[in-house]
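Trainee: I would like to go through this model label by label and ask what each label rests on.
Mentor: Go ahead; each answer will set a value against its definition.

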Amino acid sequence: MYDAFVGAVNNKKMLGDFCLAVTDSYPDQLDPSKRKVDCGMYPAKFCPVKEPRKRTDWTTIEISIEFKKHHTNDDPYDEQEMTGHPIADLRRKNLGQITTYSSLVFKYQPVTRHFNVVLLGTCVRIGMWDRSGVVFSSKFDYKKNPAKLGRIFWRLSHASPEARGHDPSAVRILRDTPEYDSMVAWKTKSLPVNDHARELFVNTLDENYPWYKLTVHCEDGTKYFLVAKPTFVAPGVVGRGTHGYVAHNVSDPERPFAYLKDCWRVMHASGRSKQEGEILAYLNSKRVKNIPSLLCHGDVLGQKTVAQEIWQFVNRNSGRKCQMKEHRHYRIVVQEVGKLIVEFSNGKQLVKILSDCVLAHKEAYKKAKVIHRDVSVGNMIMIPVDKGPQGTVIYRGLLTDWELSKEINEYDLEPRHPDRTGTWQYLSVNALNNPMKHIDVADDLESFLYVLVWCAIRYLPHNCPDVGHFMYYFFDHGETTNHKEYTCGLLKRLAISEGYLMTNTQKPITFLREPLPISLDTAVARDDSAPLPPVPIEALVTPANAPQSPPPAAPSAPIESSSLPQDVPQEQKHPIHHIVTVLLRRFERYYKAQQFSSIAPGKPKKVTAASGFDDSAYDLAEFDSDSDSDYDSDTDSGWDLSDDRSLASARNRKKIVKKANSHRVFGNLLVDSIRDQDVKWPLNDRLADQLDPNYRPDKEDKTRDKRPREEEKPVESDSKRRRSDTS
């Protein structure tokens, strides 16, 4: 079937410099998901036309082509539904498959759009994907009207590269070119300062990946950067589509390496869209510590999404509101090149890096009146700043990705979009349960806590028997009653209401100084009556920017009421266990105080420029200079973690709410645990990733834009970004 169709098209000699190829025999060797599409249109010089070359190549494919048997039962699109999503399970599965193929093209190629062809028996549809969503043609019978399909292939193959989706500001670097030679030469060079950046750049020189020369148009001219394998790729099609690179800065020999972020920023209907570079330049001017230093930034000239415009034109008389949002292609370059926080060496360093990022959040709030609103694992990096004893390296944490941040004086304005702000996995319970909520300091501090839990549960010793199970129900899970609006999931909600981490059977999780012997009974067992559910199609095709629509939740696992097991001896507990427990108990009191009180957690207070800040070199004691509170210096007083009767006092409730919004109270808990000589930190406590490498979260598209996971799950159509953008 495939060969006959491909042969018929190729024999007509209509494709110019392209050809069709059957590619269902082998997956692309680059792709860990091992996906292979039935056929594709490729440049003739790259066309995999013969065995054993019938291999999908996501780096060169121009049009993906998929064959299905039935014109209705297999149709991945449904124009009768408002969203275009079909209802039938098989059709939704096929839409997920088509979405996955498009997401892989966007992952491996710097394209602005991608076309795919779906043959349904004797019928066919054409789809066009970009970062705002997908639009698709009506269905027609190509056997009755072969000329129509022929014209489509002819026009696509003879269109300009830009019309097919190629980005002229990204030029592929081939072997034996000056750019290629200059990149490879860094393998044998070294730098007297910041050689770690060179090493990180060299680590990206994977010759199986395509390399590119990227152009950045900024205020002071055009700059060029050479990049190879990205260090970060946001999964899915719709949304910002962030790619992160350690880049060779050919425009500045004095600073040969930088970090380049390539993304598609949302253009808000309110007209109040800000480029991340503008925000970062403002924060740099206010001397906010522990944030990146802006080098250059700018929109890629003339590149914006068009799917939303096509939808609006086709539906101009329907009275329906388009859920797709306009995105513009954007690049920003910063000076610092670092490692993600998940690459911490031990638990003590993890807490240190986290405290640095909390300090950055505090300084932005105090000095610049800006709140970050997207605290997540992917937005914290660590950079080397000094040499320690015995050749160790001292790292400093940076809080990055300020594109969703907001000035406090803008909180009185209408939201740019009626949607959650932040990364689903790390959002506070308040933000998850109230999509229209303004993010305040307490919300972001709660997100810092979840970053700590995320890192510790994967890389430090503990007694949780199934990390994947916990990760799903704590970070990815969402609850719903109507499959349209979703709220906080199972384990995060229980952790806040009870004040401790637990399995789905409500058995406490303890972080340990050393791993438990495999042969020992860990005193907590996985509830096999609640297996992880299969991946529903809604998780694959939820609109990227659809309001109030995090991916669908699996049925809640049953909660068994059981008495707590005997506590782990104190000497076996990791210092991080104390930090997590104290913070959870404080937030438990905070939420209970809100239930008792009329103090709403929504709009943050107005702040004035802070006074008395020490602008000297980085120091753990900097939280001590915080002047944002007028209560006792004892950071635990007023919390009263056990007696609900204290909440009857309005004064106590106000104190608790105020402390939950205090950077000093949160930050001092972290830095005191590092400075206290009585706290014995294990030095070699980092373990290999305890998340099963075969684990695939059921709701990967909840990650919005900043989930640093290797696995890729697609999203579709009218857009649901991994990161939402209320403002």
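Mentor: Start with pairing: two strands pair if DSSP finds at least two bridges between them. Keep in mind that this is a predicted model.

Trainee: How do you know that S16 and S18 pair?

Mentor: Two bridges join S16 to S18, and the definition asks for at least two, so the two strands count as paired. In one bridge, Lys339 has Met382 in S18 as its partner. The two strands run antiparallel.

Trainee: What makes S18 and S19 a pair?

Mentor: Seven bridges, in the antiparallel sense, connect S18 (residues 380–387) with S19. Opposite Ile381 stands Leu398 in S19, and Pro384 faces Tyr395 of that strand. Five residues lie between the strands of this hairpin, and Gln390 there has a positive phi near 60 degrees.

Trainee: Why is the sheet called open, and which strands are at its edges?

Mentor: The order is S16-S18-S19, with antiparallel pairing. S16 (339–340) and S19 (393–399) each have a single partner strand, so one side of each has no neighbour in the sheet. Helix H9 (residues 347–367) lies across S18 and S19, at about 40 degrees to S19.

Trainee: How do you know that Cys19 and Cys47 form a disulfide?

Mentor: The S to S distance is 2.0 Å, and the cut-off is within 2.5 Å, so the pair qualifies. By this rule the count is one disulfide. The bond links distant parts of the chain, 28 residues apart: Cys19 is in strand S1 (residues 18–22), and Cys47 is in the loop between S2 (39–43) and S3 (63–68).

Trainee: Why is Cys19 called buried or exposed, and what about Cys47?

Mentor: Buried means under 20% relative accessible area. Cys19 has 13%, so Cys19 is buried, and Cys47, at 3%, is buried as well. Cys464 at 9% also counts as buried, as does Cys488 at 2%.

Trainee: Which residues touch the most other members of the largest nonpolar core?

Mentor: They are Phe448, Phe470, Leu501 and Ile576, in a core of 95 residues. Helix H11 (residues 441–459) supplies its largest share, 14 residues. Beyond its neighbours within four places in sequence, Phe470 has contacts that include Val453, Cys464, Leu491 and Leu501. A separate second core has 30 residues, among them Phe18, Val124, Ile126 and Ala307.

Trainee: How do you know that the length of H15 agrees with its number of residues?

Mentor: Its 22 residues (575–596), at 1.5 Å a residue, should span 32 Å, and the end C-alpha atoms are 32 Å apart, so the values agree. As 17 of the 22 residues are buried, H15 is largely enclosed by the rest of the structure.

Trainee: What makes the phi of Asp176 worth a remark?

Mentor: Most residues other than glycine have a negative phi. Asp176 is not a glycine, yet has a positive phi of about 60 degrees. Asp176 sits in the loop between S8 (170–173) and H5 (178–184). Exposed means over 50%, and Asp176 has 70%, so Asp176 is exposed.

Trainee: Where is Asn290, and is it buried or exposed?

Mentor: Asn290 lies in the loop between H7 (276–285) and S14 (294–304). Its relative accessible area is 4%, so Asn290 is buried. Asn290 too is not a glycine and has a positive phi of about 60 degrees.

Terms used: Residues numbered from 1 in each chain as written. Predicted model: local features only at pLDDT ≥ 70, side-chain atom pairs only at ≥ 80, totals over all residues. Heavy atoms only, no water. Helix = DSSP H or I, 4+ residues; strand = E, 2+ residues; numbered from the N terminus. Contact = heavy atoms within 4.5 Å. Axes fitted to C-alpha atoms, helices over the stretch in contact; angles between N-to-C directions. Core = buried A, V, L, I, M, F, W, Y, C linked by side-chain atoms within 4.5 Å. Buried < 20%, exposed > 50% of the residue type's maximum accessible area, 1.4 Å probe, protein only. Expected span 1.5 Å × (residues − 1).
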